[in-house]
Structure formats: structure tokens, C-alpha cells
2 protein chains.
Amino acid sequence: MPVFLSTSAPDFEAKFRALLSAKREDSPDVDDTVARIIADVRCRGDRAVVELTERFDRLTLDPAGMAFTAEEIAAQCAKVPDAERQALETAAERIRAYHVRQLPDDQQWTDPEGATLGWRWTAVSAAGLYVPGGLASYPSSVLMNAIPAKVAGVDRLAITVPTPDGVVNPLVLLAARIAGVDEVYRIGGAQAIAALAYGTETIAPVDKITGPGNAFVAAAKRRVFGKVGIDMIAGPSEILVIADRDNDPDWIALDLMSQAEHDESAQSLLITDDAEFGRAVAEAVEKRLETLERRAIAGASWRDFGAVITVADLDEAAELSDRIAPEHLELCVADPEALSGKIRHAGAIFLGQWTPEAIGDYVGGPNHVLPTARSARFSSGLSVLDFMKRTTLSKMSPDALRACGPAAEVLAKSESLEAHGLSVTARLRKLNG
Amino acid sequence: MPVFLSTSAPDFEAKFRALLSAKREDSPDVDDTVARIIADVRCRGDRAVVELTERFDRLTLDPAGMAFTAEEIAAQCAKVPDAERQALETAAERIRAYHVRQLPDDQQWTDPEGATLGWRWTAVSAAGLYVPGGLASYPSSVLMNAIPAKVAGVDRLAITVPTPDGVVNPLVLLAARIAGVDEVYRIGGAQAIAALAYGTETIAPVDKITGPGNAFVAAAKRRVFGKVGIDMIAGPSEILVIADRDNDPDWIALDLMSQAEHDESAQSLLITDDAEFGRAVAEAVEKRLETLERRAIAGASWRDFGAVITVADLDEAAELSDRIAPEHLELCVADPEALSGKIRHAGAIFLGQWTPEAIGDYVGGPNHVLPTARSARFSSGLSVLDFMKRTTLSKMSPDALRACGPAAEVLAKSESLEAHGLSVTARLRKLNG
């Protein structure tokens, strides 16, 4: 059973703080190993990647075979049944339609002093997307990472996906093809991140790397950050459901379990203004845990990190939610829009009882790569902007320089940066003749 | 003298690559020290901060004295001469006017299936700004970091600025006041970053930390990343000037020196389509280096990392520029707009001969915190967006769930996430009666 808390209990604050600070993930310290792998790939290129793939994935490649050929991809895609193909296409279409709206506008204007100012957005030239192999090899994540990159205008999008023992997931290749991915390499781990960041004889380096991965991948991404851009380092998934009594407890139980089944470290929280409803949901969870395929994982997550919190009213729910800053927030209440308006920190909000979080994982449209571990306080889900960058533009007219130059001269002097000041002074002298 | 390169020389490509990959910064490995400092501040709070400040800044504080009082700030601000105050106010006004235009729009729409989708931007609640002490204590950087935060709507903005031996820079406090900073603490180093990230008895934790600093500060920011958001880790400053022969060599020389004088590791590059003009600029630099106050620093930077590159035409200049991906790019050519249109990777572009880069450091309006070390390939200068985050919104109507739900069920099944599928199935069953 999960923890049951109530804001009316005298020890609530202490228990809630404990819940917030619970360490859900014990990342092994793989940093030294990862540093060695990266150094090896930088030094020996393809040869290092081939050897590491042999060691970790029990797969013998030669450099020419690292990339899937177009024929190999076509053969794998042909294995996918129609229903799955159509579902992937529906998802891709909806994700694309949502993300196209994120394309930012350039701006330019001339201010009263005569300075023409603005900015311009451009796409990253080349991006790499890491896709985990094995159990967590999700075609939906390929769509969620690759489509924003392609919408942004990334010219070259490469995927690395390990195929341990040679096992390939055809859905991942189909998702890549639907999303317009340009290159797919059957490599993984820190060696894949190193190859994407620094390049090898076969793999050209990219400018930005995104996508989820295990502790080795996360440590490698941290290490190459700066050489290339990276997305966030994702932690275990989380959901907070705020629900009133007018909900089917079983639906809410399933929503909670749909995060819990991801990972024993996942966290599913329910906040309700009706203690009895909270108990009914907990009972519904127990019942579902009798039969769910992933009941071992979901049960451990719910037992160790789950919680049912009873509040006096929905304002209190909103306050607690902002302290949790959840990755996913489901609002199953009579007026979800009103409650949503009171929320400041959340990765994604799902409004009303017809919007289970799982819709957002696949076909809602918004991205499912979202900030975890309270980082919604300061960061956002993946978007088109993650694959673009902004260049600021300024052009001073002679009048604008006359108007603004003297202030720059004063500030340069106050910061003891003489050449800064002189570069303005020389021009003002000419202007003032 | 700097390196002279020409794209017409047979060894150009090798030399240009060497220039691109030159390691300009030898960061000392302070990671272990920083890890200990952070652990100490997390464990002992104010006491650790006070002891570390005594050790590193030779300054005895008690916790109550860590923050400047309003009276202390007012007394410091009163010391600033009128010319400097007015210059700071002019700069602040122009920076604010530019950044207000960066405020993003929320969006919401209903798609043909009946799903209401969108997103909403909100400000980070609390931000911390690190300001270096001593030589690199720049009031302009206070404005450039603090104004975007306040424009974004950050409720609480705290500054930490070390005051070694008790020496205070009144201009920094005045810039903070003009920018609307809420709290100023006289602490620095890794201990200041730790205090901002984790909080102490006296300092409430923040959600985002920005601002430049030395190797200790940079290592501390890397370590607290994830617990809080951080801005980029800035490297030494750089400028690339693309200039044709119709420029005053002395102006261009001063523009190159205005980066070189920052730091011996700074890099100043000139690309020109006229070899003779390139030599004239190099001569003008030598002449200026005879008298510049910071000639030791500027001269070392120019000698070790400067370069004059002659190209056949401006198209070639644009290509090289994109490979350099400069932090600052000055286009001193007849048609700077046309050349700008050919550039993809640059932090900030300054168009035409009346826009020396120093204008952008102070009063242009755009931010002067910009991506260094070729990171303009994948990142942008500091902006209002760095202090905001986006929450995605989805609401499915019953019709939308009927239309999109089945695809989600198929994909959940293909990813072996049964509860995901069931959370949709349960609702569809009800809808389909």
C-alpha cells in the first residue's frame, strides 16, 4: 500500500517534505568507466566503437555495417502489421501538427534612436537521437524526439539504437522512417554518445544529442555537454492526479498504474478532496495489481513511492501540486480549466476525465519528453526550440551611435575596458567630425 | 603577431582546423574541492558559508550580515557619480525594451478531432545570479542577467557577489537596484552556488542560477545542474570580424582588441577579402598595443589565438564563419544584411561599421551573455525564455478520445505497457456504451 497523508494531520508537513525529498534513484557511479569509453572513442574512432559493441552488445559489426542500409530498414519495416503502422502514422501526424505551431517568429524593428534590432532563429545543422535497446526501446520516443527536430529544420538527424545480440525492434525503424530520420546506427551506450559528439571515420559528429538512456548514457551526455548540446537528463517518470469524488476509481487507478508500470522508481501520487474516494482508488489499484502484466514493477513503485493525499479543498491541491512540480498532472475535477489556472509548475497538464495521461504518451500531440524530479520549476518538455537557436541582430545608424555611444564609453571606462571604449570613441570622433 | 591564413594556400584546411580546435582554456581540475564545498554547505548551511568566506575572501561575516541591508545598498549607490548612474540607466532601459519583446505567447486551439491543445508559459519563481568579485565584477553583466529575469516575471531574484577583503563595487549594487534585484549577498565561489541551490538558514533556495564565474563557480554550477536550472558554462570571449577594404583599419583593430583585452584566452579573428587590408589591420593592432592599458592581456590573446584570414570572396567568409560559429560576429562590409543572410551559426551579429561590438556589451539592447567555444551551433544567448518554462495542455473531448484512443491502445500494446492501454480502454468502453 502507498502512504496516506492528510493536510489536516499535525505531522503532514514533515511527511510531505519526506515524500518530496525521497531519493528514488540510486544511480551507480559509472563516471570513470564512461570517461574511459569516451576517450577511447575519441582516440580510436570506429575501432573502439566496434570493440565496445562486441563487448557490451555481444554483436560483431564492421564499420561499414554500423549503419542500417535502406534495404535493411525497408525489410524491418515490412514486418510491422498494418494496425501498428497506422497507429504510428496517426501519432506522427498529431505530434507534427502540434509541434509545427512551436516554430518561432523572427523579429526586427527600428527603435526611436535609429538602432535596427531583432533576432533570427535557425535550426541546428545535425542532431543525434539516442534510442535505448531492449525493454525500453519505445517507438513513441523516436517520434517524440525526431519530429520536433525535423519540424525545426535539422538537416541531418542520426539515430543510435543498440541491438544487443542482434535483436532489432522493427517498430523503432518504422518510427524513424515515418519521422524522416536520415541515418540509423546499431550502436548504444556511452560509445554511441561519444561517436555522435566527436564523430568517427564512419559517423559524422552532430551538434545536439537528445533521447533517454541508462546510467552510462546519462553520464556520457553530461560529459559531452558543451562540446554538443544535450536535452535534459531524465529521471524516473512521475504522475500526479488531482481528482474529486465524481470519478471512476478504477480509471484513476489505471492512470496511476500507467506511470508505476514504467519503472520501480516511478512515482504515482493522488490528491483528492475526499478521503473516501482516495481509499476507493487505493482499493482499485490493489485489484488491478492482481492481474497487470507488469504488476511486479508497478506494485513496487506504488508501495515504495506512491501516495494518496487528502486535502481540504482544490486550492490546497494546487499549492501542493506546485511544490511537487509534477512531470505529468491530470486534473480530473469538475472545472479542470479553473484548477489549471492556479497551477504554475508542471511539465504537462491533462484536463478532465477523458484525457488519461497515456493519450499524451502517444497521440495527444504535445511532447512526452518532460521535466522530471521537480525540474518543471525551471525547465520545459522537449520542443522545436530545443533544435533551434537564436542569433541576435543589431545595427546602429550614425544617429543611434551618437545617441547611445557616450553611455557605452562611460560604462567601458567604469569597467576598465579601454579598448571597448575606444572602439566607440574612434567612431564618434569621425561622426562629430 | 597573429597567424595569417589564406584560403588560397594549399595548407589552409589543416591550419584552419588547428585554429578551430586550439585549446584556449586550461581549466584546473577543481571538481573534488567543489564537491566537498557543496557537501559542507548542504550539511552545515550558514556556518559553512561563513567559514568558507573567511578562508577565501578574508572576510568575517555573521549570517545576519551576509545580505546587504537596504541602507548599505543605498549608501553604496550614493557613491556612484551621475554620469555612471545615467549610463547604467540608459543601458537598463535599452536592455529592458529589447527583452520585453522576447516575452512568448501562450497558445490554445481545438483540432478537428475535438482535442483542445496548447501551452502556457510561466516564470521561474526564484532565480539566483552569480556576480564575480574583483577585476571581472561587471555592472553591465548584472543588468544583462537580472533584467531578463525580471522581465520574465521572476518573483524573487537574489545576487551573490563576493567582496574579498570587504571591497565592494558600488556600480554592481547600483546595477542590481536599477534591475530590480531583491536580495544581494556578499558571498562567492562554490559556496555561493551551493547556498543558492540548496539554501541555508539565511538564504532561501532558488530554482535557476545564471551568471559567469571562475573555474570553481563553473564546476559548482555543473554539479548543481538538475537540482536547479543553470545557464551555459561560458568560455573565454571571442569575436570574428568580417571586413572589406572600405574600413578604417584602426577601427577594426580596436574591435579586435576589445575582445582580446578581456582575457589572455580570448580570441579575435579577422576575415577579409583583401590581404593588404588584413595587414593594415594587424599593423594598427600593433600600434594600439603600444599604449593600451590592458596591452599585456590583449597582446597575449592576439599573439596566441588571433588570426587574419584572407578569403577569395564574402561567400567563402560566410562559410568559414559558420564553421567558427562565433560568439560575436561583426560584419563591416558594404551590404551587411546580405552577408548576414548567409550566416547560420553565430551568437550575435553586429551589422555595419557603426556597430562596434562594444555597443552590444552595454547599450545595444540584445543580451551580452552569448554562446562561446562554437556552441552557437546549438545554443543561444541569454533571454527571457531562460527564466520561463512551458507547460503543455491537452484536453480530449469524448469525440477526440473516440478518434485517437484506439491508436494509443495499439501503441501501448506494442510497447508492452498494459496499464497505459487499459486507461484508454476503460474510458472507450464507457463511451461506446
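Let's start with the interface. Chain A and chain B bury about 10,400 Å² between them, and 57% of that area is on carbon and sulfur atoms. Keep in mind that this is a predicted model. In terms of contacts, 117 residues of chain A meet 118 residues of chain B. Three residues stand out on the chain A side. A:Arg344, A:Trp354 and A:Arg427 supply 8% of the area that chain A buries against chain B, more than any other three residues.

Now the polar side of that interface. There are 13 salt bridges between chain A and chain B. One pair to look at is A:Glu330 with B:Arg427, a salt bridge with its closest N and O atoms 4.0 Å apart. Polar contacts across the interface come to 72 residue pairs, with both residues at pLDDT 80 or more.

Next, the layout of chain A. The domain assignment gives three pieces. Domain 1 takes 3-24 plus 235-364. Domain 2 takes 31-115 plus 124-230. Domain 3 is 396-431. The centres of domain 2 and domain 3 of chain A, over C-alpha atoms, are 47 Å apart.

On to the annotated sites. An unreviewed UniProt entry marks A:Gln259, A:His262, A:Asp361 and A:His420 as "binding site". In sequence these positions spread over 162 residues, and in space they reach up to 55.5 Å between C-alpha atoms.

So what does A:His420 touch, given that spread? Leaving out residues up to four places away in sequence, its contacts are A:Ala412 plus B:Ser258, B:Glu261, B:His262, B:Ala358, B:Asp361 and B:Tyr362. A:His420 lies in helix H17 of chain A, residues 418-431. It counts as buried, because its relative accessibility is 1% and the cut-off for buried is under 20%.

Now A:His262. This residue sits in the loop between helix H10 (249-260) and strand S10 (267-272) of chain A. Its contacts include B:Leu417 and B:His420 from the other chain. Within chain A it touches A:Tyr138, A:Ser237, A:Arg294, A:Ile297 and A:Asp361, again leaving out residues up to four places away. A:His262 is partly exposed, at a relative accessible area of 24%.

The same unreviewed entry type gives us an "active site" annotation, on A:Glu327 and A:His328. Are these two buried or exposed? A:Glu327 is buried at 5% relative accessibility. A:His328 is buried too, with a relative accessible area of 3%.

A:Glu327 is in the loop between helix H13 (314-324) and strand S12 (328-332) of chain A. Its side chain reaches the backbone nitrogen of A:Glu238 at 2.9 Å. Beyond four places in sequence, its contacts include A:Pro236, A:Ser237, A:His368 and A:Thr372.

A:His328 is in strand S12. Among its contacts beyond four places in sequence are A:Ser237, A:Glu238, A:Gln259 and A:Asp361. A:Gln259 and A:Asp361 also carry the "binding site" annotation.

Last, some backbone geometry in chain B. Most residues other than glycine have a negative phi. B:Arg58 has a positive value, near 50°. This arginine lies in the loop between helix H3 (46-57) and helix H4 (70-77) of chain B, and at 48% relative accessibility it is partly exposed. B:Arg374 also has a positive phi, about 70°. Its loop runs between helix H15 (357-362) and strand S14 (388-395) of chain B. B:Arg374 is partly exposed, with a relative accessible area of 25%.

Terms used
Residues numbered from 1 in each chain as written. Chains lettered and ligands numbered in written order. Heavy atoms only, no water. Domains from an automatic or database assignment. UniProt positions renumbered as here; feature names shortened; annotations may be inferred. Helix = DSSP H or I, 4+ residues; strand = E, 2+ residues; numbered from the N terminus. Buried < 20%, exposed > 50% of the residue type's maximum accessible area, 1.4 Å probe, protein only. Contact = heavy atoms within 4.5 Å. Buried area = accessible area lost by both parts, 1.4 Å probe. Salt bridge = Lys/Arg side-chain N within 4 Å of Asp/Glu carboxyl O. Polar contact = N/O pair within 3.5 Å; in protein donor to acceptor, adjacent residues only side chain to side chain.
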